[in-house]
Each structure stands twice: as C-alpha cells, then as structure tokens.
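These are short notes for someone opening this entry without prior acquaintance. They are best read with the model in view.

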Amino acid sequence: QLVNCGAKAIVWHHPHVIQDIQRINNVPVVYSLGNFLMDQWFDSETSTGMLVGLVIPQSWSIQLFTGLINAVP
C-alpha cells in the first residue's frame, strides 16, 4: 500500500535480525536492519546489523547500498 501511495523507498525496522531486501515496482523495500549495536551476545544474528544508504537523484532512480555492522564485546 505504501508503494501504491507513492513511497519512493521503504526501510522497516523492528525484528532484531536482518531480513530480506526487495524491490516492489522498482521501489526498494528493506524489511529489517537487525540490531545496530546491541548487547545480545547469545546469537550472531542478533549481534549483527545492517547499514543502508540511499542515493536519490532527481530522476527517482534510487540506488541502494548496504553494509554489515557487528557488535564486538
């Protein structure tokens, strides 16, 4: 629905783990960034987060860049 309403990019966040990235009608959708820096050392999935960068030119042809960040005790 957000894409149909005109969203140009969607970045969701709540689950404490990284989730999928996809494009819906050429709109980048990031479902979860995981934890940025969190002290949940019991699982490698919860101690890893994702960084997202968006380049948004006037043409709205959005480029998406990602990277991982790991919490170190």
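1. Start with the loop between strand E4 (48–55) and strand E5 (63–70), where Ile56 lies. The model is a predicted one, and the points below should be read with that in mind. Is Ile56 buried, partly exposed or exposed? Its relative accessible area is 46%, so it counts as partly exposed, the range for that class running from 20% to 50%.

2. Ile56 also belongs to a nonpolar patch on the surface. The other members are Val11, Leu54 and Trp60, and the patch covers about 360 Å².

3. Trp60 has a further contact to check. Lys8 lies over the face of the Trp60 ring, at 5.5 Å from the ring centre. As for pairs between aromatic rings, the count is zero.

4. Next, the sheet. Three strands form an open sheet in the order E1-E3-E2, and the pairing is mixed. Strand E1 (10–11) and strand E2 (21–24) are at the edges; each has a single partner strand, so one side of each has no neighbour in the sheet. In general, strands of a sheet pair through backbone hydrogen bonds, in either a parallel or an antiparallel way.

5. The parallel part of the sheet is the pairing of E1 with strand E3 (residues 27–30), which two bridges join. Ile10 stands opposite Val29 in E3, and Val11 stands opposite Val30 in E3. Val11 is the residue already named in the nonpolar surface patch.

6. The antiparallel part is the pairing of E2 with E3, joined by four bridges. Here Arg23 stands opposite Pro28 in E3. The two strands form a hairpin with two residues between them. Asn25, in the turn, has a positive phi of about 50°.

7. Which residues of E3 are buried, and on which sides? Val27 and Val29 are buried on one side, and Pro28 and Val30 are buried on the other, so both faces of the strand are covered, given that buried means under 20% relative accessible area.

8. Last, the segment before E1, which holds Asn4. Asn4 has 68% relative accessibility and counts as exposed, because the class begins over 50%. Its C-alpha atom is separated by 28 Å from that of Gly67, and the two residues are 63 apart along the chain.

Terms used:
Residues numbered from 1 in each chain as written. Predicted model: local features only at pLDDT ≥ 70, side-chain atom pairs only at ≥ 80, totals over all residues. Heavy atoms only, no water. Phe/Tyr/Trp six-rings, centres within 6.5 Å; stacked < 30°, edge-to-face > 60°. Lys NZ or Arg CZ within 6 Å of the ring centre and 35° of its normal. Pairing = 2+ DSSP bridges. Patch = residues over 30% accessible without salt bridge, like charges linked within 9 Å, V, L, I, M, F, W, Y side chains within 5 Å. Areas by Shrake-Rupley, 256 points an atom, 1.4 Å probe, with all protein chains shown as cover. Salt bridge = Lys/Arg side-chain N within 4 Å of Asp/Glu carboxyl O. Buried < 20%, exposed > 50% of the residue type's maximum accessible area, 1.4 Å probe, protein only.
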